[in-house]
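Hi,

Here is the structure I said I would pass on. Have a look at it first, and then read my notes underneath.

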Amino acid sequence: MKTLRLILGDQLNHHHSWFRDDPGEVLYVFMEMRQETDYVLHHIQKVVGFFCAMQNFAQYLKEREHQVIYLGINDRKNKQTLPENLNGLLSEYEIGKFEYQLPDEYRLDVQLRDFCKTLSIDSEAFDTEHFLTSRDDLARFYEGKQQMTMEYFYRDMRRKYDVLMVNDADPEGGQWNFDAANRRKWSGKPEIPHERGFRKDVSGILNEIRQAGIKSFGQIEETSFHWPTSREDSLSVLNYFCKHLLVHFGDFQDALHTEQAYLFHSRLSFALNTKMLSPKEVIQAVVDYWRAHKDEIDISQVEGFVRQILGWREYMRGIYWKEMPGYKRSNKLDNQNELPAFYWSGDTKMNCLKHSIRQSLNNAYAHHIQRLMITGNYALLTQTHPDEVDAWYLGIYIDALEWVEITNTRGMSQFADGGIVATKPYVSSGSYINKMSNYCKECTYKVKDKTGELSCPFNSLYWNFLDEKREFFKHNRRMTMMLKMLDEKSGDELDKIKRRAADIIANPQKF
Ligand code: FAD
Ligand code: SF4
């Protein structure tokens with residue numbers, strides 16, 4: 001009896017126990033499909049990155065004597081949806097059992113469960129063997145608690161996996177969290193090593209995508225694709241991070257700069273989210289490297305990194321499975337505006353947005369603080385509908401998969417979940433951006449001005465937002481001070497602020 005095993009584009013786990021089984025009676029199938037390229041408008045590098053990584057993984061399996069069916073995007077047999085393709089293969093190869101790995105996206109989970117109900121043969125779902133928590137561990141951890149503060153989950157994970165712990169009980173370095181040390185501005189020093197990029201020729205895949213007529217956006221260099229698309233590439237990016245970037249990762253985690261798209265960030269999210277790397281091995285490699293170089297690397301750098309993967313990444317996945325499908329519709333602040341058109345071009349005079357958006361269009365990447373405090377901050381201050389914000393984030397970043405995109409965007413960044421992920425909205429005026437970047441130096445607008453034609457738009461938008469959402473936040477203790485400052489503004493000043501904010505929101509193209 002033959003078994004058909006499905007491998008989705010983000011299930012490229014080389015160490016999955018499936019591959020230890022006797023290859024004789026198992027057929028593995030990969031599919032490049034319009035259902036996946038078209039559910040949102042994607043950056044071209046994202047489509048290329050996924051296809052390239054899938055093709056490499058299929059090749060890896062073939063070289064190890066596994067039987068692989070690969071449906072390319074222009075393959076005549078390709079019906080472009082999962083159920084149609086699977087049905088075709090089940091009858092063509094006289095399959096006796098269908099197996100798949102649990103998808104990380106809710107829509108695929110539903111689609112595959114529904115599909116299995118239609119089958120007359122056996123089917124079985126397997127774990128992806130990637131994450132450190134199961135889908136519902138987080139829900140169990142917070143059962144009966146009012147607030148799901150990430151920090152407690154993170155500490156529990158540190159204990160459970162014995163990461164940066166002393167005697168199984170105390171945090172290494174005497175503190176659980178070195179967040180306060182992770183907030184330096186970067187002003188040209190220390191020198192940032194060039195990113196571990198690649199110069200891959202992806203013109204073949206690009207031609208296939210063009211021939212298929214897939215719509216996309218953003219830039220790509222055909223002969224110089226720079227993302228990791230194989231296990232070897234991914235390990236080399238990890239190794240490069242440990243050797244060259246870890247030393248200052250924590251220090252400049254929140255820094256922003258016009259000329260530096262990556263600073264000391266790892267660029268590992270695509271390799272992790274496609275499962276070419278496991279979170280466990282990434283954490284292990286970084287901690288081991290630090291242990292061997294303790295005299296050069298401070299614990300705050302490594303703890304800052306571990307927190308992102310052992311803490312935030314697993315936490316976001318848990319929130320996703322706890323809150324879906326309702327999460328996708330949440331809009332607790334009732335924001336209704338359209339996303340400004342300049343998000344798709346970078347054509348704005350606001351220097352922080354111009355740089356963050358152009359870098360995103362060029363690289364399919366922005367680091368966390370650009371996503372949170374520049375593009376996310378502006379979208380929230382202008383009260384943009386979270387559906388529009390989600391579609392943009394889901395499309396533009398190479399690492400964007402719904403489970404981690406929506407929890408970060410709708411939750412952490414847009415406060416649309418009403419405070420499940422964040423205890424207060426991540427909004428700021430221009431002064432925070434000025435503190436952490438060099439954007440304001442070369443901007444048309446004056447960061448210190450609150451009103452007036454050349455005043456920084458973030459300033460009036462910030463106070464306007466607080467004023468308009470005052471009712472919602474009046475019982476939030478973390479907002480008390482800001483609301484008090486708002487109350488201290490004279491009627492005349494607030495009136496000017498609100499008129500300026502209304503103009504910015506109504507006419508984004510002018511700014
Ligand atoms: P580094 O800064 O080097 O961090 C190391 C790793 O930690 C990352 O690779 C990532 O796996 C993990 N990590 C860091 N922060 C988070 C976080 N908040 N949630 C989950 N994992 C985290 N990350 C995605 O992987 N996919 C997304 O679609 C995504 N969308 C986002 C949208 C918004 C609005 C915001 C504010 C953040 C989003 N993030 C997303 C989280 C974070 O910005 C990216 O993981 C990070 O920028 C990827 O770059 P890096 O690999 O260089 O990360
Ligand atoms: Fe952005 Fe305002 Fe600074 Fe200009 S002045 S870069 S708009 S924060």
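How many residues of domain 1 are in contact with domain 3, and how many of domain 3 with domain 1? Keep in mind that this is a predicted model.

First, the layout. The protein splits into domain 1 (2–126), domain 2 (137–323) and domain 3 (329–510). Taken over C-alpha atoms, the centres of domain 1 and domain 3 are 39 Å apart. Even so, the two do touch: eleven residues of domain 1 are in contact with ten residues of domain 3. On the domain 1 side of that meeting place, β3 (42–43) and α2 (44–63) are the elements that give two or more residues. The largest share comes from α2, with three residues. By character, this side of domain 1 has three nonpolar, four polar and four charged residues.

Now for the ligand. Domain 2 (137–323) and domain 3 (329–510) both give residues to the shell around ligand 1, so ligand 1 lies between them. There are 27 residues around ligand 1, and the ones that come nearest are H265, S266, S269, Q308 and E405. The elements that give two or more residues to this shell are α9 (269–273), α11 (299–323), α13 (368–381) and α15 (402–413). If you want to pick one helix to look at, try α15: its six residues are the largest share of the shell. As for the mix, the shell around ligand 1 has eleven nonpolar, eleven polar and five charged residues.

Happy browsing!

Key:
Residues numbered from 1 in each chain as written. Chains lettered and ligands numbered in written order. Predicted model: local features only at pLDDT ≥ 70, side-chain atom pairs only at ≥ 80, totals over all residues. Near = placed C-beta within 6 Å. Helix = DSSP H or I, 4+ residues; strand = E, 2+ residues; numbered from the N terminus. Nonpolar A, V, L, I, M, F, W, Y, C, P; charged D, E, K, R; others polar. Domains from an automatic or database assignment. Contact = placed C-beta atoms within 7 Å.
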